[in-house]
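This report looks at how selected helices pack and at some backbone angles. Please have the sequence and the model open while reading.

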Amino acid sequence: MVDVDITRIEPDDAAELTRWHALMREAYTADRTAAWWQSLESTLTQFAHPRSDKSDIALLAHLGDQAVGGAEINIVTDAPADVEIGVLSAHRRQGHGTSIAGVVEDLLRGRTELVQTETYCPEGVAFAGAQGLNIGNQEHRLLLDLPAYLHDDANRYKIPDPKSRLTTDPDPNLSITSWIGGCPDEALEDWARLRQQMDEDVPVGDLTRTLKHAGTDAIRTHEERMDEQGWILVSSIAHLNSAAPGSTPAGYTEIMVSRHEPDIVIQEDTLVDRAYRGRGIGRALKVTNMRQLHEIPEAAQASWVQTFTADSNGPMHALNRNLGFVTVDSMTAFEGRIDYS
Ligand SMILES: CC(C)(COP(=O)(O)OP(=O)(O)OC[C@H]1O[C@@H](n2cnc3c(N)ncnc32)[C@H](O)[C@@H]1OP(=O)(O)O)[C@@H](O)C(=O)NCCC(=O)NCCS
């Protein structure tokens, strides 16, 4: 076995980060249908302006001048480290992945023992198992044909159909507020509260749950960072009006459109408060929020909306299927504790 050289890329070395980004993208997306990967522009910004609670490390593995593999390590305060290891198809099963994992372990020594990783292919599942990691969670990756959906949405008044995927039950007590970009000040407290609830509620299987408790300041910082990385945030929040003054936040949903690579639009979190589930609020939120995509020029260039749904999340699978999403592959998340002894 020829040993690979594994080097750490400086966060301001745009040329090497560009080479590394292309390699990781190919290793993770080859042979998959419309597989999303973060744009180069977002990645360069992420490395140039790291989050205060996070350090990002890029490793490139090469045989002479030829890059064959790499890794991304994200070390986050009070959370397991995220690790992605990729080896180009032509260079697999030669021990390079294992060599890269060894360097990752050395870098994590003294910083964290707990690591998590995600894979979308059987090779990755076998490799993570061979590294001693355990399956923590499994999710379907689903895609929706966005041009077809937006076409149907734009024409929904022409042939009204009560069974249409675009029909939402008009609950007179429900009001939905939608926006593109930063959350309106008047909705910010409720938005922060629901996002915290999402952290607590989202099914994570056997993975260690990380609670971020992002307050309103953290929400504003997040919005600025996402904008800097080229993301357009498309959001909706649902309120139920009650007899008492004011209204109760009942749920939210969020979509992200990349200005740099809009081909795949990302359907992020959708949450409906446990107390109000089963009343069509999730559907109303998703349909209303997707309707905002008509207003975003970048979305006109998109082919797909991508979302992830846990195997066990029956209600969300039913809603996604009804909206037209289809499963294309699956994500397996692993977790393990590094034994430094
Ligand atoms: C996962 C990946 C990084 C493995 O890289 P690699 O260089 O081929 O891995 P190694 O040669 O070091 O394999 C180490 C062990 O993993 C297991 N393994 C790796 N690929 C396997 C496969 N296709 N089938 C069965 N076992 C496999 C084996 O136990 C192997 O040891 P062995 O060859 O002595 O039997 C590579 O397949 C890849 O880039 N996949 C796409 C990205 C990805 O999913 N990464 C997941 C990180 S957890």
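## Packing of H1 and H2

Which residues in H1 meet which residues in H2? The model is predicted, and in it Ala 14, Leu 17, Thr 18 and His 21 of H1 meet Leu 40, Thr 43, Leu 44 and Phe 47 of H2. By class, this contact has 5 nonpolar residues and 3 polar ones. No charged residue takes part.

Now the geometry. H1 covers residues 14–29 and H2 covers residues 40–48. The two helices pack at an angle of about 130°. Their axes are 10 Å apart. The angle is neither over 145 degrees nor within 65 to 115 degrees, so H1 counts as oblique to H2. The crossing of H1 past H2 is right-handed.

## The loop between H1 and H2

Most residues other than glycine have a negative phi. Two residues in this loop have a positive one. Asp 31 lies in the loop between H1 and H2. Its phi is positive, about 65°, although Asp 31 is not a glycine. Ala 34 is found in the loop between H1 and H2 as well. Phi of Ala 34 is near 40°, again a positive value in a residue other than glycine.

Are these residues buried or exposed? Asp 31 has 9 other C-beta atoms within 10 Å. The cut-off for exposed is 12 or fewer, so Asp 31 is exposed. Ala 34 has 14 C-beta neighbours inside 10 Å. That count lies between the limits of 12 for exposed and 20 for buried, so Ala 34 is partly exposed.

## Two sides of H4

H4 spans residues 122–130. Which of its residues are buried? They are Gly 124, Phe 127 and Ala 128. Seen down the axis of H4, the buried residues fall within an arc of 95°, so they line one face of the helix. On the other side of H4, the exposed residues are Pro 122, Ala 126 and Ala 130.

What do the buried residues of H4 pack against? Their partners are helix H3 (96–108), strand S5 (114–119) and strand S12 (326–337).

## After H4

Which residue with a positive phi follows H4? Gly 132 does, and its phi is near 85°. This residue is a glycine, whereas Asp 31 is not.

Terms used:
Residues numbered from 1 in each chain as written. Predicted model: local features only at pLDDT ≥ 70, side-chain atom pairs only at ≥ 80, totals over all residues. Axes fitted to C-alpha atoms, helices over the stretch in contact; angles between N-to-C directions. Helix = DSSP H or I, 4+ residues; strand = E, 2+ residues; numbered from the N terminus. Parallel < 35°, antiparallel > 145°, perpendicular 65-115°, else oblique. Left-handed = near helix turned anticlockwise from the far one by under 90°. Contact = placed C-beta atoms within 7 Å. Nonpolar A, V, L, I, M, F, W, Y, C, P; charged D, E, K, R; others polar. Arc of directions from axis to C-beta.
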